[in-house]
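Trainee: Could you pick one part of this model and take me through it closely? I'd like to know what sits around it, and please explain the terms as you go.

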Amino acid sequence: MIPEDLERQIGLAEAEGAVPFLVSVTSGTTVLGAFDPLEAVADVCQRHGLWLHVDAAWGGSVLLSQTHRHLLNGIQRADSVAWNPHKLLSAGLQCSALLLRDTSNLLKRCHGSQASYLFQQDKFYDVALDTGDKVVQCGRRVDCLKLWLMWKAQGGQGLERRVDQAFALARYLVEELKKRETFELVMEPEFVNVCFWFVPPSLREKKGSPDYGERLATVAPILKERMVRKGSMMIGYQPHGTRGNFFRMVVANPALTRADMDFLLNELERLGQDL
């Protein structure tokens, strides 16, 4: 998100009689792993009195790392934050949190139906702790227990090591990609999403040809089919804007090693050597 453009769009909307009320930014986009500039966007929201929501479902766990938490500078100014510990931290599915600055029981005021046959108020404990009347789903898993148990077992330093290891392994993969003519990075990664093309022998040294992009976009689906049929790997691919299909390797599993990254590159080269 470009803060200057955001402010311009707010002005245009207000000039048309609309009433902007919320800005939703992303910390860790699904494909490229990009982080919006939270401090600058928060400044815009503060000037215009807008609710700031941060979708940190993917990137929120970076806060646990002293080394990389700067990517989320400004998140403390958000009115609400979504976070999925089941992603980068590998908590058991599913484990999702919605964090609110508001302390007026906003979720209950929005969703509560006050069904007396379900949520009695004359209990011996503080009924504000009941979550059933605060969510769209009446019954759901106790997500927080999975996170609490994992945090208790790993400790804050253990979870920090998990995040830092993912970053380090992603950086290793990027450096190995750059050493081989068979691969081309889509962009330098900001997070642990490593996006790249496999360039087959038939397309090497032909990057300037008119049909290069179109032909390159056909490679990832072919290799995906081959790896699935062989049962050796499972990596996602997708286009993005004007960019044709590329692989998106998300380095998040704490069990991954450098040997796995080497296997990934070697296997792609083996599967695509005849293309």
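Mentor: Let's start with a word we'll need straight away: contact means heavy atoms within 4.5 Å. This is a predicted model, where local features need pLDDT of at least 70 and side-chain atom pairs count only at pLDDT 80 or more, while totals for chains, interfaces and linings use all residues. Residues are numbered from 1 along each chain as its sequence is written, and side-chain values use heavy atoms, with hydrogens and water left out.

Now, find Arg 180 in the loop between H4 and strand E5 (183–185); helices (H or I, at least four residues) and strands (E, at least two) are DSSP runs, numbered from the N terminus. Skip its neighbours within four places in sequence, and Arg 180 is in contact with Asp 262, Leu 265, Asn 266 and Glu 269. Take Leu 265: it comes 85 residues away from Arg 180 in sequence, yet their C-alpha atoms are 9.1 Å apart in space. With Glu 269, the side chain of Arg 180 makes a polar contact of 3.0 Å. That term stands for a pair of N or O atoms within 3.5 Å; within protein, one must be able to donate a hydrogen and the other to accept it, and residues adjacent in sequence count only if both atoms are side-chain atoms.

Next, follow the chain back into helix H4 and look inside. A nonpolar core is a set of buried Ala, Val, Leu, Ile, Met, Phe, Trp, Tyr and Cys residues joined through side-chain atoms within 4.5 Å. Buried means under 20% relative accessible area, exposed over 50%, and partly exposed in between (1.4 Å probe, protein chains only). The largest nonpolar core has 62 residues, and among those touching the most other members are Leu 173, Phe 196 and Leu 268. Helix H4 (residues 143–178) gives this core its largest share, 12 residues.

Zoom in on Phe 196. Leaving out residues up to four places away in sequence, its partners include Leu 177, Phe 183, Leu 185 and Leu 268. There's also a second, separate core of 10 residues, with Val 186, Cys 195, Val 199 and Leu 203 among its members.

For something more out in the open, go to Glu 205, in the loop between strand E6 (193–198) and helix H5 (212–216). Glu 205 counts as exposed because its relative accessible area is 82%. Its phi is near 65°, a positive value in a residue other than glycine.
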